[in-house]
Amino acid sequence: MEEKGPVQALDRAFDVMETLCGARDGLALHELTAATGLHKSTVHRMLQALVHRGYAAQDRDTGRYRMTTRLYALTGQVVENLDLVQVARRPMEELSRQVEETVHLLVPEGAEIVYVHKVEADAPGIRMFSRIGMHRPMYCTGGGKAILACMSDEDVSRVWNESQIQSYTPRTILTLPALMGELAQVRASGVAVDDEENELGVRCIAAAIRDYSGQVCAALSISAPLTRMSDERLSALRPVLLETRDVIAHGMGWTGA
């Protein structure tokens, strides 16, 4: 198959690059031609371009081609330029408009979470006391518990021991076994609920966000007054929260399902 235009040529070039990236010991020209289904002259021309730009190299002894680390260097630049808040801003605004509630974005920092972005709802009612830059403990917040649920039990225990455990409301979890039991439920459902544990009169549902490395980089939450957050409402909010979480995660380079 020969390229029929610049778009198809680029598509074929990616075929060659992706095939080479998956070849641990490199590939000879005829092997790459067979693997991609492209014409030999097309593959050879693309290989010469890749070698010229430093993305591929040819072994002088075996004649086999392999990808270099130049592509990895470019990937590193992309990762460094990812801006979590910039990626999340529009999806959060759309989510807030859809559910008519306040949406938070928070990141882990030690044993705490830090609020890094907030979209206030236009609906009347109690205003959330949260503010950008505010720190709260992981163990008693929806976003914090969503992040903790992605950790090993050993790491959860470490975070617990590093936290200053106190009762913020009569519903705050105060023992590690109770927290572990709740995290098991979070892992099963994919979402965490702050049931007036951090602030009386407010409930929250949250989900963890993963990035390009598969690691948790943040959490997304929906918060509202207790009067608007019945168990039925929490269940209804779960799918749209997870959908928005996935949009942000994919924007951060996550490729999981």
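A residue is called buried here when its relative accessible area is under 20%, exposed when that area is over 50%, and partly exposed in between, as judged with a 1.4 Å probe on protein chains only. With that in hand, take E196: its relative accessibility is 12%, so E196 counts as buried. What you're looking at is a predicted model, where local features need pLDDT of at least 70 and side-chain atom pairs count only at pLDDT 80 or more, while totals for chains, interfaces and linings use all residues. Residues are numbered from 1 along each chain as its sequence is written, and side-chain values use heavy atoms, with hydrogens and water left out.

Let's start with the sheet. Helices (H or I, at least four residues) and strands (E, at least two) are DSSP runs, numbered from the N terminus. Two strands pair if DSSP finds at least two bridges between them. By that rule, six strands build an open sheet, and reading across it you meet β5-β4-β3-β8-β7-β6, with antiparallel pairing. At the edges stand β5 (135–137) and β6 (192–195), each with a single partner strand, so one side of each has no neighbour in the sheet. From one strand to the next, the twist averages 30°. Angles like this one run from 0 to 180 degrees between N-to-C directions, and the axes are lines fitted to C-alpha atoms, for helices over the stretch in contact.

Now walk in from the β6 edge. Strands β6 and β7 pair in the antiparallel sense over four bridges. Along that pairing, A192 sits opposite A206 in β7, and D195 sits opposite R203 in β7. The two strands make a hairpin with six residues between them. That's where you find E196 again, in the loop between β6 and β7. Phi of E196 is positive, near 60°, even though E196 is a residue other than glycine.

Next door, β7 (residues 202–210) pairs with β8 (residues 216–225) over nine bridges, in the antiparallel sense. You've already met A206 facing A192; A206 also stands opposite S221 in β8. Further along, I209 is opposite A218 in β8. This is a hairpin too, with five residues between the strands, and G214 in the turn has a positive phi of about 85°. How many of the nine residues of β7 are buried? Eight are, and β7 is mostly covered.

Have a look at P225 while you're here, since P225 belongs to strand β8. P225 has a relative accessible area of 4%, so it counts as buried. P225 and L200 are 25 residues apart along the chain, yet 9.0 Å separates their C-alpha atoms.

So what packs on this sheet? Helix α5 (residues 84–99) does, touching β3 (102–109), β4 (112–119) and β8, and its direction makes about 145° with that of β3. Touching, or contact, means heavy atoms within 4.5 Å. The buried residues of α5 are L84, V85, A88, P91, M92, L95, S96 and V99. They pack against β3, β4, β8 and also α9 (231–251).

Helix α5 itself is worth following from end to end. Its N-terminal end is capped by D83, where a side-chain oxygen lies 3.1 Å from the backbone nitrogen of V85. That fits the idea of a polar contact: a pair of N or O atoms within 3.5 Å, where within protein one must be able to donate a hydrogen and the other to accept it, and residues adjacent in sequence count only if both atoms are side-chain atoms. Shortly before the proline P91, at R90, there's a kink of about 30°. The bend at a residue is the angle between axes fitted to the seven residues ending there and the seven starting there. The helix has 16 residues and reaches 22 Å from its first C-alpha to its last, close to the 22 Å expected at 1.5 Å a residue. That expected span is 1.5 Å times one less than the number of residues. After α5 comes E100, which lies in the loop between α5 and β3. E100 isn't a glycine, but it has a positive phi of about 60°.

One last stop is T33, found in helix α2 (residues 29–36). Is T33 buried or exposed? With 15% relative accessibility, T33 counts as buried. Leaving out residues up to four places away in sequence, T33 touches L38, H39, K40 and V43.
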